[in-house]
Every structure is written in structure tokens, then in C-alpha cells.
Amino acid sequence: MPNFSLNDQVFFDAAQAFETPFHLYTEEGIRQTARGLIRAFSGVPVFREYFAVKALPNPSILRILKEEGCGVDCASQTELMLAEALGFTGEDIMFSANDVPPHEFEYARKLNAFINLDDITHVDVLAKHGGIPDEICLRFNPGGEFRIGNAIMGMPGDAKYGMTRPQLTEALFKLKAYGARRFGLHSFLSSNTTDQGYYPALAKMLFEIGRELMDETGMQLSFINLSGGIGIPYLPDAPKADIDAIGAGVAEAYHEVFTKNGIEGVAIKTELGRYMTGPNGWLVTHITNEKNTHKHYWGLDASACDLMRPAMYGAYHHITVPGKEHLPHTDMADVTGSLCENNDKFAIDRMLPPCEIGDVLVIHDTGAHGLSMGYNYNGKMRCGEVLLKEDGTFKLIRRAEKPMDYFATLDVDPVWEKLNNM
Ligand SMILES: *Cc1c(COP(=O)(O)O)cnc(C)c1O
């Protein structure tokens, strides 16, 4: 994947054209990432990426990915609605939800989406709500620790997702009795990993279990869904995922388990979110306040409501100050938002160049699980989204929220009229 970076002038221009804060996304970067992924998986007979909508649920972005041949991975009614409205149907949609409200199965069936069953009890629920399709996917949870060599890649035993190995067999027999004939297999065992061994190891495990299940049930294995999880380097010197090596590793496992044993026609699907759009987005902000107490603080016009990852996970997001990056980074500061929550800090003890109020400040890698995780604590409005198009122009693709968006659900209260007129 090309290391997509924008030059400082683009951030200055965007910050001039739109009120900060906003997330800025690059169309070119997203298209290149999608093409690179598809190229990397050209060693398997049939491949398709289903973009995890939750990572960046903006129609303009989903349209771009659709043009690049991607489908969508949805986990809720509203994500399905977005998919339907954009013309994704049938095999363009993977419905990988858990703790599913039954009516959402009905909706997914109406769209003829692939349904990825998270739990064995959902076989009967789906039979009642929408009906069992010809082809269905099961989500596997192997339990325990997921290791590659000595490295612990994830803790599936603690994860709420998926079925046990015996439940896969049992679920398939039930599904077969209901009339299903073909199945896919899915698992998500490691999040945000750049380790090139993850997908090939996961693939090999699912390929082998898929083979076993075919033998046990007599049903046809039609696809393996490797889900999401390929990571991005949030730290500037962290390694990137070698997507070509990952694709080649999956192809090797494919030939080992399938081709050599005369098994044909098993498609490979992925549901990547972070890898596709994460590095292709930036939160563009201004410094609005400076504070010197026991520590030095730069306050921004953005808050955790626009980007929750640092507050929620202590996640690192790189920060740059356009026009000042060549200066020595001698100022140590916390970079904060305005919430009445001490975790509303985009960075703690970060070394920055000398800054001042009014400077544009850019938070990197916000293109996935950024605005979509946002919230409205303290009555803060979530910011808007801007697309840098391939022709170099900007387009507002989601406006910032206004107070009336926040008050909209109070239309059940007499005060709503008054708020509406303020
Ligand atoms: C979140 C999620 C994804 C995407 O994960 P990334 O880490 O963004 O790649 C894919 N599939 C399912 C079922 C998920 O819950």
C-alpha cells in the first residue's frame, strides 16, 4: 500500500474552505488501497472485499468502494438501509451481526444478503424471521488464545462472538434440515494486526475446518470469510502490513488445503475496515486554547466526540502541525478536547514543534472508526466530513451537527418548540 500523505498546503486549504474541525478523506488513497488489496489477492480464484461499513459509514466513501468492486459488511438495520439505498443488493452485502434483533434478519433476508450467523440459536430465529437461505455463513470462535508461534494474536476465549467447533457441525446439520445446501465460514481473531502471518494462519485454520465440515455434513463449502483485522501503523515508525505477502500467504494455504485436494470454487471474502480507510483520513482542527498549570495543554476545537479512540483505548494517533514540522519538536504538551472528562486527550506528553493559538493541527489515521464512533456527550456536536476528490477539489460529504440535531428527539417535550425557535 502506498504511504498516502497529503502535503501541508492541502490541510491549510481545507481549513480555509471549511470550518474546523472536520475529517478529511482522500479519494485517491482509498481507491489505491482497494486496488492494491484486490491485486494482492489475485492468487486465489475468486476474491471480494466487503468493506466494514461501521468503520466509515459515509455514502460518498461507500460509492467509491462500490466502484472499485467492493461489497459491504453490515451489522445493523441502519447499515443495511445505507447499503440498500446505495444499490448494494444480494451478494454485495454480508450481514455479520451479533446479538441480532430478529427483525434485522428479516431485513437482511429481504435484501438477499449473505447472513453470517453468530450463534447456533439463530438458526431457529432466522428460520422464523426471514427463512433459511440456500447459502449461509457461520462464525467460528476457537476459544482459548489464538497464537502464531509464541505470539498471542488474540483472546477468542474472552470474545462474545462466534460458535464453538462442535456447534458449527450441529448448526450445519440443522441448517441442512431447513434446506440450506452451501455454507461459508467466518472468524475474526485478531484486531489491528500488521503481522503478515495472521491472515494466512486464520485462512489455513478455516480452510481445514471447512473441509472437515464438508465431509461431516455433505454440504458444499462455498466461501471463506477472513473478516477484518488487518492493521495500520498508527505510530509513524511502526511497520505496515505487507498486503502482497498476506495475499500470497492466503493463496499458498488455499492451494495446500483446497487445490491439491481437488476442492474447487471456494471464494475468499474479507471484511476489512481499518485497513481500507484508516490511513486515508485526517481530523483537521485548530488550536483554540493554551493552558499552563501542572502541565502544558493545547486545547483544540475538536473533542473525543469527533474521535473517540484515544479516550476509549488510549490509542496513539500521530499529530502534525502543518508548516511547522521542520522545526524542532521541543514542546511537550497534552493535546485536549473540551469535554468534562479527563480522558478527552488526543495526546499525552507529546513532543510538538512550538505552536500558538490559531495553528492548524492535524490528527492522523482517522479514516476508520473515527467519526463513526463519535458521540454527543456534553452536548457536543459531531463534526463534518470532507472528501478530497481525485481532481484535487474538496467536497463536503457530511455536514457538522447543529444543536437542532441534538434536540430533535425532544419533539416529545413541550420545550422543543422553544428550542426550535432559539
Ligand atoms: C469491526 C468488524 C470488521 C472490521 O474490522 P477492522 O478492524 O476495521 O478491519 C469486520 N467484520 C466484523 C464482523 C467486524 O465486527
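Me: How far from a nitrogen atom of the ligand does a polar side-chain atom of S227 lie?

Reply: A polar contact is a pair of N or O atoms within 3.5 Å; within protein, one must be able to donate a hydrogen and the other to accept it, and residues adjacent in sequence count only if both atoms are side-chain atoms. Here the S227 atom lies 3.3 Å from that nitrogen. The model is predicted, so local features need pLDDT of at least 70 and side-chain atom pairs pLDDT 80 or more, while totals for chains, interfaces and linings use all residues. Residues are numbered from 1 along each chain as its sequence is written, and side-chain values use heavy atoms, leaving out hydrogens and water.

Me: Which polar backbone atoms lie close to oxygen atoms of the ligand?

Reply: A polar backbone atom of G229 is 3.0 Å from a ligand oxygen, and a backbone N or O atom of R274 lies 2.8 Å from an oxygen atom of the ligand. The protein covers 92% of the 390 Å² of accessible area that the ligand has on its own, as computed by the Shrake-Rupley method with a 1.4 Å probe.

Me: Which residues around the ligand come nearest?

Reply: A residue is near a molecule if one of its heavy atoms lies within 4 Å of it. Of the 14 residues around this ligand, K54, G229, E271, R274 and H369 come nearest.

Me: Why does C340 not form a disulfide with C305?

Reply: A disulfide is a covalent bond between the sulfur atoms of two cysteines, assigned when those atoms lie within 2.5 Å. The structure holds zero disulfides: the sulfur of C340 is 10 Å from its closest cysteine sulfur, in C305, too far for a bond. The sulfur of C383 is likewise too far, at 9.9 Å from its closest cysteine sulfur, also in C305.
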